[in-house]
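Work through the following exercises on the binding sites of the model shown here. Each task is followed by a stepwise solution.

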Amino acid sequence: MDSVRTKGPTPVAFLPIILPAALIFCLSLLLSVAAAAAGPLHLLVEVPLRGDSDVLRLTAGGFDVAGVNRAAGTAGVVVTEAELERLKSMGFSYALKDVGHPLRRRAEVLSDYTDPVELGAFIDQAQAAYPNLVKKVVLKDTLFEGQKLIAVKITSDVNEDHDRPVFLLDAQHHAREVMTVEIAKDAIGYLASNYGKDTKVTEWLDKIEVWVVACVNPDGAEYVFTTDNMWRKNRDPICAVDLNRNYGWNWNACGGSSGACSSEIYRGPSPESEPETQGVTALADEIRPLFSLSYHSYGEYLLYPYGCENPSEMAVYDDLGQTLNGILEDDNGERGRYKTGPGWSTIYETDGSSDDTLYGRYGAFAFVIEVNSSDFQPDYSQWRDVTVQRQRTAWQYFLDKTLTYPSIQGQVTDATTGQPLKATFTVQEAALTNGETPRRASARGRYGWPLQGGKTYHVTFSMPGYITQTREVAVGTGTALMDVQLTSTSQGAVPRDPAPQDKALNQDLAATLTWSSDGATGYEVYFGTTPTPPMAGTATTNSYSPSSLELGRTYYWQVVALGPWGKTAGPVWSFSTRPYAITGAKKAANPFRLLVSGAGFVSGCTLKVDGTAVATTQVKGSARLVGKGAGLKVLVPKGKTVQLVVGDGAGGASEPFPFSW
Ligand code: 0X9
Ligand code: ZN
């Protein structure tokens, strides 16, 4: 069939339907052979486009658009024999490009592409050669046809836990898009082999945790190599699913997928029904990438969320996407030629795609690149190396941005234990308005948020069981690092700052008790004259007024904060009331003296007038005393109000009592 694999721009708009008799013969022969072996295979036809809207007509018509050759003005469409008629009846012409066949059995260069078994061996070898840099992680042990879903973690001292920002690269959601695996493999090999040699690579791996899922659809990939090189979906035996329509965020939201099993964009029976999408989302949930890049082919698109509408943070996406497009070379070696923008308006509407979920639910700035201009399996010797080299620009761009893009980044930990916390965080000035799930720190407590530079932001961190914290941070031209410690609500709720202060003396009988505590919904107050006071009442605010306090007593009290977490007791505090009270005073003459009535008086008490002790204090019982002696009349002149206080040598004192005559 190679004779029909024509390349290069053709004035397709004027092409008649090209399907010569000899080709039809050859095609039906191949089809019958293949059909006998493994059921109906796919055909790849090239459809001339009269405009962008033709792509939408094709996708709306349920056709499997493999990619768009924008230079040639054609779409590659994968069809079954039966669908050819429908294509014609919609007024499209087509030229046969390829007939489904096992990729592996072709005795030519296409078979150089990496199949899942070779990919597994490559990853094992990389881990063996660079055990401190490369670590294989199995995301799903069993898919449907014997393959495993594998991720690779690449970072320095890979076997230790790190608090590092994360970049996620994935490839081959669609089985037939075999060039994308080459890019992922190249990234693994390039990073591992250049660590310690290339300063950029060394910095990236010292500061960033890179995750690569080189083949999201290994069952499908195996099928591509053994049976049908145009296979797109996974190999779910109940009904094969388009993995890039099966993700859960806004699954089946806008007609960008199909509910029909026969469709190449079948979304599956429920969100994330498939083990492959479950494996990727579980990983994303744990690692919380700052940036992600998902490789597809073909058509030279640089896409970002959403498949149904614009993302909340369109300005940041546009900035990142346009800048990358400006440096990324297409298949002609020209820059700025990737069609760049949100998926829905740049290619066609999709729902349930990986980038939408990575952004909408996991907070990654998620990009999709569709590589190559005209085929999902271009000639290996001609296109493999040049394509992977050109794509280094793209994934290295995101590694650079991870370290340099205006953003807030840091780690959230428990203030008491230092344990990392998966806290959620919101940025007041960067509202997520399209129903996105609030962003959350990773399992390592790592958080990050690319933002517009040159602004001040208010970031609120919250976590059940912890006191919410809002921090102000200025973001300049690069990363603003801010580590955050959260205090657990029970810790923060521990009652503190008692008033009266612990062990305070001379407290008024009308004393009100107050304290501080964070996050409590109510309090139990224990109060009494024994060091383990009984419960005296409850309070909804942080104050309590005990009734009928007596003079000269020591009281003990304890507050227990109540909250959703349970009860948190503060320490037992104490205070003492004033030992003495003055209730009345009068003057007597000859000799001049003061007759003071009150309570608590004991021998040894001294009467003071405006702070000066009188010469003699005679205690006449607990309710009466007399102050007299030389100089008293001078201290209490007629017409002047003085303050009388009864006190003792140990600091006990009555409240001042105003007196005049
Ligand atoms: O349709 C797809 O899944 C992707 N194209 S492909 O030809 N490789 O199948 C594009 C997905 C784009 N993502 C969003 N629109 N969000
Ligand atoms: Zn794809």
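**Exercise 1.** List the protein donors of the zinc ion (ligand 2).

Step 1. Take as donors the N, O and S atoms within 2.8 Å of the metal (3.2 Å for Na, K and Ca); water is not among the atoms, so sites may look incomplete.
Step 2. The donors are His 174 (ND1), Glu 177 (OE), Glu 177 (OE) and His 296 (ND1), at 2.0 to 2.2 Å from the zinc ion.
Step 3. Along the chain their spacing reads H-x2-E-x118-H.
Step 4. Glu 177, in the loop between β7 (166–171) and α5 (179–194), and His 296, in strand β9, are 119 residues apart and link distant parts of the chain. Helices (H or I, at least four residues) and strands (E, at least two) are DSSP runs, numbered from the N terminus.

This is a predicted model: local features need pLDDT of at least 70 and side-chain atom pairs pLDDT 80 or more, while totals for chains, interfaces and linings use all residues. Residues are numbered from 1 along each chain as written, chains are lettered from A and ligands numbered from 1 in written order, and side-chain values use heavy atoms, without hydrogens and water.

**Exercise 2.** Find polar side-chain contacts of ligand 1 (N or O atom pairs within 3.5 Å).

Step 1. For nitrogen atoms of ligand 1, the side chain of Glu 177 has an N or O atom at 2.9 Å, and Asp 355 places a polar side-chain atom at 2.7 Å.
Step 2. For an oxygen atom of ligand 1, Asn 244 has a polar side-chain atom at 2.8 Å.
Step 3. The protein buries 100% of the 420 Å² that ligand 1 exposes alone (Shrake-Rupley method, 1.4 Å probe).

Notes. Polar contact = N/O pair within 3.5 Å; in protein donor to acceptor, adjacent residues only side chain to side chain.
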